[in-house]
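Colleague: I would like to go through this model with you, one question at a time. Could you explain each term as we meet it?

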Amino acid sequence: MTMLCEREIARKDQRRIEMSLGLARFPFHRDLAGFDFAAQPSIDRGQIRDLATGRFIANREAVLLLGPPESMS
């Protein structure tokens with residue numbers, strides 16, 4: 001029974017995320033899978049992947065990203 005409840009919660013979470021993304025009407029979708037780490041060799045790949053887990057939120061840690069924004073072209 002527990003596994004069934006967990007699956008239902010996961011399915012509802014996924015639908016909520018998909019609906020929110022659709023309502024946001026972002027012009028494009030990007031994720032870390034498409035990020036070119038070679039273009040920015042000073043970026044620590046492991047640190048970025050760790051940030052992507054969201055662990056810092058649960059730990060109530062602050063994150064500060066500095067630098068110019070990426071070109072949209």
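Colleague: Is arginine 55 buried, partly exposed or exposed?

Modeller: This is a predicted model, in which local features need pLDDT of at least 70 and side-chain atom pairs count only at pLDDT 80 or more, while totals for chains, interfaces and linings use all residues. Residues are numbered from 1 along each chain as its sequence is written, and side-chain values use heavy atoms, with hydrogens and water left out. Buried means under 20% relative accessible area, exposed means over 50%, and partly exposed lies in between, with a 1.4 Å probe and protein chains only. Because its relative accessibility is 38%, arginine 55 counts as partly exposed.

Colleague: Which residue meets the side chain of arginine 55 in a salt bridge?

Modeller: A salt bridge is a side-chain nitrogen of Lys or Arg within 4 Å of a carboxyl oxygen of Asp or Glu. The partner has a relative accessible area of 31%, so this aspartate is partly exposed. With 2.6 Å from N to O, the side chain that arginine 55 meets is that of aspartate 50.

Colleague: Which residues are joined into one network by salt bridges that share partners?

Modeller: One salt bridge links the side chains of arginine 11 and glutamate 8, at 2.8 Å from N to O. Both of these residues lie in helix 1, three residues apart, about one turn of the helix, where helices are DSSP runs (H or I, at least four residues) numbered from the N terminus. Through shared partners, the network joins Glu8, Arg11 and Lys12.

Colleague: How far apart are the closest N and O atoms of arginine 16 and aspartate 13?

Modeller: Arginine 16 and aspartate 13 both lie in helix 1, three residues apart. An α-helix has 3.6 residues a turn, so residues three or four places apart point the same way. These two residues form a salt bridge, and their closest N and O atoms are apart by 3.8 Å.

Colleague: Phenylalanine 35 and phenylalanine 37 form an aromatic pair, but is it stacked, tilted or edge-to-face?

Modeller: Rings of Phe, Tyr and Trp (its six-membered ring) pair if their centres lie within 6.5 Å, and planes under 30 degrees apart count as stacked, over 60 as edge-to-face and the rest as tilted. Here the centres are 4.7 Å apart, and with 70° between the planes the pair is edge-to-face.

Colleague: Is phenylalanine 37 buried or exposed?

Modeller: Its partner, phenylalanine 35, counts as partly exposed because its relative accessibility is 32%. Phenylalanine 37 has a relative accessible area of 7%, and therefore this residue is buried.

Note on methods. Helices (H or I, at least four residues) and strands (E, at least two) are DSSP runs, numbered from the N terminus.
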